[in-house]
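Here is a brisk report on aromatic rings and their neighbours. Have the sequence and the model open as you read.

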Amino acid sequence: MDSFLQPGPSASQAPSDDVFAEIAELAAQLCGAGYSVITLAEGTEHRPIASAGGLALAVLPRDSRFCCEVLHSGAPLEVSDAHFDLRFHDDPLVAAGPRIRFYSGVPLVNASGAVLGSLSVLDDKAKVLSASQRNALWKLADVVVRLLADIAARRSAEESLSWQATHDTLTDLENRRQFEVTLRQHIESARAQGKQHAVLYIDLDQFKVVNDTCGHLAGDALLRELAHLLAGKMRRGDSLARLGGDEFGVLLAECDLLHAQRVAAHLLSAIRAFRFAWQGRVFTLGASIGVAEVTGGSRDLESVMSAADTACYLAKDKGRNQVQVYCEDDEEVSSRHGEMGWVSRITHAIEENRFFLHCQRVKSLGHGGATEYLEMLLRMRDETGRVVPPMSFIPAAERYHLMGAIDRWVVKKTLRCLGRLHASGAGATMPRFGLNLSGMSMGDAAFADFVQQHFEESGAPPESVCFEVTETAAISNLGRAARFISRFRDIGCRFALDDFGTGLTSFAYLKSLPVDYIKIDGSFVRGSADDSVDRAVVDAIQRLARAVGARTIAESVETEESERRVRELGIDFAQGHHIHKPEPYARLAARMNYVSEGGCAVYAA
């Protein structure tokens, strides 16, 4: 059998091969031809995508002059007997193989007039098509063109979706997902081939200043410009990705740790030199960069990313705007890893409802008939049910931005229980509850609406709530803190300024914050018994509070002598283990004749 002929179904390379093969078969039948072929333009040649009659696509000459003539001219061509036509008598399809004598083909022309390819019928006998057969060939060509347009549109859509799935739409850099895919591949190459790579974790410093002062449009523009700058610093084969927010990742292929440090220093210099102009203002940036190596000993993607992230945060801790290399034996790294381990544990504790609250009395010292309240103190159970002291997880929650989620949990659960207590009909004996709010929540514009919503849904009386805000958190978000305080004082809530005296500008900012209580930091209270300076500070804060109409609370009152001294200084309230050791609300309510309601399991021990 000739090499151009093969039995069985025809081959195809097109996405819709069955459809095109059917069209080729139909063209041969309608035209009474032994063979049919659909080709697409590929440069100056043609590529067959479907055929009928056993014409083998794999060996169809790409330079066959029949199809090329149609492709180049963009016009139909019909040859009744190629053996006697000097233009085609030595064509590969005529001189050998199937020894074609008859050919008729029409161009595949799209809406813009471009020639995409050809639809042809062929036979080993001489013949002439009728007008109706030529018309049928043109109509089938139109069907092929429409199908090709659909395929092109689908392919374009698929490519667009694929690009969007792997790239950041703001900066056009790779996204975290694609970065992690590439990193996994490099970890495998390090194991299999002994190659060494490096990961850089870049966290911009001072980016928030641009967002806060000029808005998110400016922040987006800055990220786009900086991404373009950093992309220009990459070597061929390296990967640059936006990991989220103002964080970027760089994967340096076949790069040892020493060279990675140099690249990181070069990128840091470029970021420092970068100037962002917006509406007449010019901003500068810095960055904290963590460097981690990828070797055959790297465990997995999570451990590599964690190492780079840890190094980045160490760079921030050391003053920002610098490069830090991850070293597993480093004491600081070990401490940071311990904190990072708490991140997933805290997240799971929130999801599994393993937080609960104890309460501690803020006792009135009898000055002016002030009403005492209970501060709600957060506790957590670990995976085995053991109670975890707050100082084990609170620093990690603050560092890794989880306090906002914790504050929302506390507000939601507490207000729900306050609503139940209030509905029990014993509102007159219900104490005021003190809830701590973090600086993260005070800086969150949506947090106030969250609190308002849960007041309305729970039915909790606002006058039974006192929000405690640390002095540092209030000052760092002074405008929002003042608006939050004003909004909820208007509906009856009370506010306490916690740890007062530890900030450098306490007295200057106090008049901007309309609080009801000032909690004197425990370091001054403890020292007031023996240190005249601490005692003078406590006395000064007491006098200042009186001037702004606030009551004072002495923290860390641990002895009877300490309670006596703060009472003599005119302090209104005392709080500490000497006054009351934290315990579940239900237990305290039974002793103090406070209203209690069994459904508030949040207060269980």
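## A buried Phe pair

F484 and F495 are both buried in this predicted model. Their rings form an aromatic pair. The centres are 6.0 Å apart, and the planes meet at 90 degrees. That makes the pair edge-to-face.

F484 belongs to helix α16 (residues 478–489). F495 belongs to strand β19 (residues 494–500). The two residues are eleven apart, and their pair links distant parts of the chain.

## The cluster around it

F484 and F495 also belong to a cluster linked by ring pairs. The other members are F447, F450, F455, F467 and F488.

One cluster member, F450, has a charge over its ring: the charged end of R408 sits 4.7 Å from the ring centre.

## A tilted pair

The structure holds 14 aromatic pairs. One of them joins F355 and F393, with ring centres 5.8 Å apart. Their planes stand at 55 degrees, so the pair is tilted. The cut-off for edge-to-face is over 60 degrees.

F355 lies in strand β14 (residues 355–364), and F393 lies in helix α11 (residues 390–399). The pair therefore ties together parts that are 38 residues apart in sequence.

Buried means under 20% relative accessible area. F355 has 4% relative accessibility, so F355 counts as buried. F393 has a relative accessible area of 0% and is buried.

## A lysine over a ring

K127 lies over the face of F102. The distance to the ring centre is 5.9 Å.

Conventions:
Residues numbered from 1 in each chain as written. Predicted model: local features only at pLDDT ≥ 70, side-chain atom pairs only at ≥ 80, totals over all residues. Heavy atoms only, no water. Phe/Tyr/Trp six-rings, centres within 6.5 Å; stacked < 30°, edge-to-face > 60°. Helix = DSSP H or I, 4+ residues; strand = E, 2+ residues; numbered from the N terminus. Buried < 20%, exposed > 50% of the residue type's maximum accessible area, 1.4 Å probe, protein only. Lys NZ or Arg CZ within 6 Å of the ring centre and 35° of its normal.
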